[in-house]
Amino acid sequence: MAEEKKEETTSKVDVDEQEKLKNKTAVVNKDEEIKHMTAKELRPMLSNKNSDYVFRLQKELEEQGQMSSEEAAQKVDAHLNEIIIAQHHGQPAGTFYNMSPKLKAAAILKPKEIGPEDIPTWQYVVDSALLYVAIFVGIFGVIGLFQTGKQAYNSQMGILSLVSVGAIIGWFTVKYNDWILPATSDKSKKIPWGRVIVSMLALVVVLFAWLGLLSIPAVQVINPILPGIDNIIVAAAAYGIRWLFRRHYHIRWSTFTRTTSSK
């Protein structure tokens, strides 16, 4: 008897879980459907409360932006998908935006500019690494132009060593500024100086160990010493890639401005 009751309970739990999963899937599918609907399809779906919000938002856009009703309607249309999705989840537009139509209109007309603190850390790391690779390899390239023979060979480093050093310095520059000048007003998140010094020493040890590994004769095939002009070409390529990377991700700051500008 007890086993039958237990089986019934388990069966009921399974049915409930399946029903929850089914409902969740239906909600997700509905949201995806709404995302691809046109403004003409979405406007009739607005609740009375949201219709009023949208109407007042459009009027505010006309007044604040000094635009025609058609232009204001286009601005509103761009937000209808998210308004209907929020409505589908029980949130009216006023609650979803946490703004009155007047404030929302102002936000649409003057959106918040992306600041240096809004750029992900990994993008700063790549940007900084490419910059230091270009600088480091470029310096050795210029030096190599004025040296010849055995003197040039003894004073140069393999290209993989140069790139590694530049990339590591670029990464450390970002981490150092995060530790010392965190992009937050919360000073408690600053790393103690003792930990910074230990981290720097550890980095030096790892760097020298890596350079020692790259200096092994068997590794020279992937770490050749290039002529000065070739190093300059590599440096120019690294800087060009950095330029494309910054343009693609709309990066207008360096790791230094990210930390100092947010203080």
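These legends accompany three close-up views of a predicted model.

**View 1. A nonpolar patch on the surface brings together Val142, Leu145, Phe146, Ile229 and Ile233.** Take these five side chains as a group: together they have about 530 Å² of accessible area. Two elements each give two or more residues to the nonpolar patch, namely helix H8 (121–145) and helix H12 (228–248). A good residue to pick out here is Ile229, which lies in helix H12. Its relative accessibility is 46%, and because partly exposed residues fall between the 20% and 50% limits, Ile229 counts as partly exposed.

**View 2. Helix H3 and helix H7 cross at roughly 50°.** Here you can follow H3 along residues 48–65 and H7 along residues 101–109. The axes of the two helices come within 8 Å. With that crossing angle, H3 is oblique to H7. As for handedness, H3 passes H7 in a right-handed crossing.

**View 3. Ala86 is a buried residue of helix H5.** Helix H5 covers residues 80–88, and Ala86 lies within this stretch. The relative accessible area of Ala86 is 5%, so this residue is buried, the limit for that label being under 20%. Tyr97 makes a handy second landmark for this view: it is eleven residues from Ala86 along the chain. The C-alpha atoms of Ala86 and Tyr97 are separated by 9.7 Å.

Conventions: Residues numbered from 1 in each chain as written. Predicted model: local features only at pLDDT ≥ 70, side-chain atom pairs only at ≥ 80, totals over all residues. Heavy atoms only, no water. Patch = residues over 30% accessible without salt bridge, like charges linked within 9 Å, V, L, I, M, F, W, Y side chains within 5 Å. Areas by Shrake-Rupley, 256 points an atom, 1.4 Å probe, with all protein chains shown as cover. Salt bridge = Lys/Arg side-chain N within 4 Å of Asp/Glu carboxyl O. Helix = DSSP H or I, 4+ residues; strand = E, 2+ residues; numbered from the N terminus. Buried < 20%, exposed > 50% of the residue type's maximum accessible area, 1.4 Å probe, protein only. Axes fitted to C-alpha atoms, helices over the stretch in contact; angles between N-to-C directions. Parallel < 35°, antiparallel > 145°, perpendicular 65-115°, else oblique. Left-handed = near helix turned anticlockwise from the far one by under 90°.
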